[in-house]
Amino acid sequence: MADSSPALPLKTRLLSFFLDWLVWGYVAYGVMYLLNHYWYTVHVDWYGTLTLPAWGWPLVVAGTLEMAALCRALGRSLGQRVWGLNVVSVSGARPRLGQRLRRAVVWSLTVPVQPAFAVLRRPLLHEVLSGTRLVPAPRASGTPARAALLTQWGVMSVFLAVFTIWLGWLIAEVNVPVLFERLRPVSTTRDARVPALRSGEATTLRVPATLAEARQVFTVTADPQGRVAESDTVNNTQRITLDLNASRPDLVIEAIIPRSWDRSRGLGQPFEVEVVVRNQGPADAGPFMVRLQTGETAYDAGVSALPGREAVSISYPVVLTTSPQVFTAIADVGNEVAESDATNNAQRLTLDLATAGPDLVISSITHSPLNPDLGRGQPVTLTVVVRNQGTADAGPFVVRTGWTETSRVVEMWRELGNPDFEYFLQPDPVFVRRGLSHSILNLMVVTIFMALLATVLGALFAFPVSFAGARNIMGFNAAGWAVYGLVRGFFNVFRSIETILWASVFAVWVGWGTFAGVLALTIHTIAALGKLYSEQVESIDPGPLEAVLAVGGSRWEVIRHAVIPQVIPSFWAFTLYRWDINVRMSTIIALVGGGGIGDMLFLYKDEGMWGKVGAVVICIVVVVWLMDYISGRLRERIT
Amino acid sequence: MTDAYLRIEDLTKVYERGQVVALRDLSFTVAKGEFLVVIGLSGSGKSTLLRCINRLIEPTRGKIVLDGVEITGLSPSRMRRVRRRIGMIFQQFNLIRRSTVIANTLTGRLGYMPTWKAMIGLFSQDDRERALENLARVGLREKAYVRADELSGGQQQRVGIARALMQDPELLLADEPVSALDPATSHSIMQYLEWMNRERGVTVLASLHFLSLARRYGTRIIALKDGQLVFDGPPKLIDNAKFKEIYGEDAEEVEVR
Ligand SMILES: Nc1ncnc2c1ncn2[C@@H]1O[C@H](COP(=O)(O)OP(=O)(O)OP(=O)(O)O)[C@@H](O)[C@H]1O
Ligand SMILES: [Mg+2]
């Protein structure tokens with residue numbers, strides 16, 4: 001039972017085991033999560049999460065330990081692979097399955113006493129009883145003998161990948177359909193109830209609506225559900241187009257009223273049809289022609305002028321030739337008036353000798369004044385007049401007002417693709433009002449200088465300090481180690497606080513603006529470059545140091561003549577690389593008050609001015625790409 | 001024994017890490033002008049011994065007296081003044097690979113310069129001329145402005161020699177100066193050391209792997225085994241038995257021509 005193999009350090013054994021255990025801990029967590037998600041919330045009438053009872057925890061711990069142990073005994077586990085370990089039988093050959101199983105079982109049964117064996121450096125029971133041993137594996141044997149996917153490594157990789165995607169999908173609330181939903185236009189409707197409307201009467205409704213677009217069509221329909229048995233159901237809809245930037249006339253047929261008409265007189269009777277034309281727009285119209293058409297016959301009348309919101313009444317002498325007979329009135333048949341909406345100019349009336357019936361029409365739609373300064377999204381009140389032009393009363397019905405806005409997302413993309421460079425050279429008045437002369441070019445220069453200043457300052461600070469953060473320079477006495485620890489601690493802590501967080505802190509400290517941004521960039525640059533520099537100093541060839549010491553050089557001369565010449569090229573490369581990062585970072589720290597081109601970017605974004613956002617983004621891309629190219633080229637030259 | 005140039009008494013070095021005793025109560029003297037070759041197996045303590053002499057490694061115990069001055073107790077600044085007269089040549093040359101040959105050579109003067117001049121790299125015109133002269137001496141005058149890593153191994157070691165020459169050394173420590181080089185180049189390097197020893201009167205302590213080289217160039221040989229002195233005498237006294245004692249029973253002498 002003599003175990004002559006070189007003992008595997010306990011630390012390595014434990015670390016590699018811990019990694020395997022961690023994997024199964026992760027799986028256990030995921031299983032709990034999935035249980036909660038799919039089972040408990042569906043099958044249990046109880047809101048809340050699945051919590052383990054007290055006795056559940058030991059089970060989870062034991063289960064995960066067991067799984068890890070099985071993985072380690074039956075094949076080559078992740079942890080064993082990472083630390084380059086392998087299970088072999090005492091003879092050095094591949095262990096048989098029986099041996100592997102024995103290893104796992106004995107291990108499981110003896111877990112509690114394992115630490116004692118390990119500490120006392122006794123051969124571990126499961127190794128002795130199974131005749132196997134965990135040994136450092138030569139690197140070359142890492143090549144899989146079987147197809148890669150059939151090894152434990154392959155199976156676990158695929159499983160963990162799928163498992164992670166599944167869990168992550170749920171936890172991060174991935175919602176792919178919304179990507180497409182948000183591209184579709186959005187429709188809004190408002191219903192107003194009308195309890196009753198007598199024959200020949202009209203009622204006025206006020207509909208609150210929103211002007212979602214600069215130019216928007218509102219459609220109003222009487223009785224959209226078809227509850228009323230009308231004599232004519234195709235004339236129930238009317239529309240109005242509101243245009244924020246243009247004040248135009250809009251002619252509609254408000255009413256078509258048959259006068260001195262009697263059902264008992266039958267066909268052939270002459271009578272008059274009164275057509276009321278309203279200009280529902282705010283601007284004046286005229287001259288134009290109004291036509292009344294029935295069958296092949298058309299009667300035209302001229303209107304010389306019709307002021308905004310006013311109506312004019314025209315009478316046409318006609319003869320009833322058939323039943324039912326359709327009369328269509330059209331305002332501005334010659335299309336002489338520049339209207340805001342030229343598609344809402346016709347209305348019709350159906351006369352029927354046989355049956356009486358109600359006939360709902362939308363007479364006119366007018367709107368409260370628009371305020372161009374308020375822009376899109378402002379509230380607007382529509383005044384809708386509904387008339388029953390039929391021969392019978394109409395029961396309860398609704399009047400539906402609807403409008404459609406194009407998807408904000410589509411609009412954003414359209415505008416982004418259509419960049420607006422108006423303020424590239426010329427300062428944007430939005431900022432001029434605040435006493436700032438911000439044009440894209442202007443701020444872009446500011447941004448580049450912020451990055452440059454931060455890089456230069458950061459490098460100048462980091463350079464001397466980085467030597468204090470290098471083990472091979474400082475590790476000569478206790479004081480040196482203390483300084484080393486402090487400096488490295490500073491680098492690590494300050495580096496892990498992102499620039500954007502530093503910018504928020506400095507924006508509070510010194511106020512919003514470029515100074516805060518430069519401070520943030522500089523601090524982070526010092527820490528990040530300092531760490532890179534220090535590591536570079538640590539990785540130098542110690543030979544030249546020895547040589548300079550041997551000729552009688554002091555500690556400082558060693559740094560100057562043996563360390564610096566070795567590290568300077570990589571210091572340059574790191575600095576240029578950092579310059580890259582700083583340029584990119586400086587374009588966005590304005591988000592938290594760091595100043596620079598982001599000031600424009602985020603204002604435009606907040607205002608939904610995507611065209612301007614597009615212009616700024618294009619400029620940023622060009623500058624970042626240029627800087628990247630330049631620094632890349634310089635780096636190539638140096639190393 | 002007051003006429004000894006270098007006297008080593010009971011020198012012991014214990015590396016704290018691993019508790020390795022690299023040198024064990026080592027005592028010997030070196031007269032001025034000697035070419036002393038240190039031989040011994042790998043791990044016998046040759047490098048440790050040479051580095052203790054200029055205190056690149058701090059001895060654990062014992063005394064080193066150089067030219068009547070006890071080195072072991074010197075303050076760092078006094079030690080630096082001593083070091084500038086001790087040249088050192090390394091197995092791996094220890095050049096700054098990215099710097100030019102002349103820049104590497106000039107570092108040999110650092111011990112003679114005020115610190116502020118050293119820090120801004122302000123070498124005097126005199127130093128520069130001396131550097132070119134020394135490079136010419138080792139046959140590298142035309143390579144002065146070439147980067148060190150563009151030279152061959154033998155050429156790099158010659159830069160190391162030029163750097164040591166810059167110090168005007170009285171003593172030269174050479175730690176396996178030729179074990180990274182091929183036999184022909186080895187001889188050329190050893191001849192430079194021999195020249196320094198004969199023409200310049202520099203006392204040389206060189207550790208070598210090959211006994212043939214030790215015999216050819218050394219005026220005296222000492223042999224170390226496990227940090228202890230197992231031989232001290234002229235080269236011709238090393239016979240086959242002695243050789244087996246130093247290098248072990250299985251060793252076979254190979255010759256470098
Ligand atoms: N920095 C160190 N820390 C701990 N032990 C060391 C250190 N340097 C050397 N040793 C040990 O001291 C002993 C002597 O080493 P040294 O380098 O002096 O031998 P050497 O004769 O020069 O060998 P080589 O011919 O391989 O260069 C060796 O056992 C070595 O392992
Ligand atoms: Mg050595």
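**Exercise 1. State the mean pLDDT of chain B and the ipTM and pTM of the model.**

Solution. In chain B the mean pLDDT (the predictor's confidence in each residue, from 0 to 100) is 88, and 95% of the residues reach 70 or more. The scores of the model are ipTM 0.92 and pTM 0.74. This is a predicted model, in which local features need pLDDT of at least 70, side-chain atom pairs count only at pLDDT 80 or more, and totals for chains, interfaces and linings use all residues. Residues are numbered from 1 along each chain as its sequence is written, chains are lettered from A and ligands numbered from 1 in the order in which they are written, and side-chain values use heavy atoms, with hydrogens and water left out.

**Exercise 2. Locate the cis peptide bonds that lead into A:Pro287 and A:Pro324.**

Solution. Begin with the bond from A:Gly286 to A:Pro287, which is cis with omega near -5°; A:Pro287 lies in the chain A loop between β8 (270–279) and β9 (288–294). Strands (E, at least two residues) are DSSP runs, numbered from the N terminus. Then take the bond from A:Ser323 to A:Pro324, also cis with omega near -5°, where A:Pro324 sits in the loop between β11 (311–319) and β12 (325–331) of chain A.

**Exercise 3. Describe the setting of A:Ser260 and of B:Asp226.**

Solution. Most residues other than glycine have a negative phi. A:Ser260, however, has a positive phi near 40°, and this residue is exposed (over 50% relative accessible area, 1.4 Å probe, protein chains only) at 54%. B:Asp226, with a positive phi near 50°, belongs to the chain B loop between β9 (220–225) and β10 (228–233) and is exposed at 52%. The loop of A:Ser260 runs between β7 (251–259) and β8 of chain A.

Terms used: Helices (H or I, at least four residues) and strands (E, at least two) are DSSP runs, numbered from the N terminus. Buried means under 20% relative accessible area, exposed over 50%, partly exposed in between (1.4 Å probe, protein chains only).
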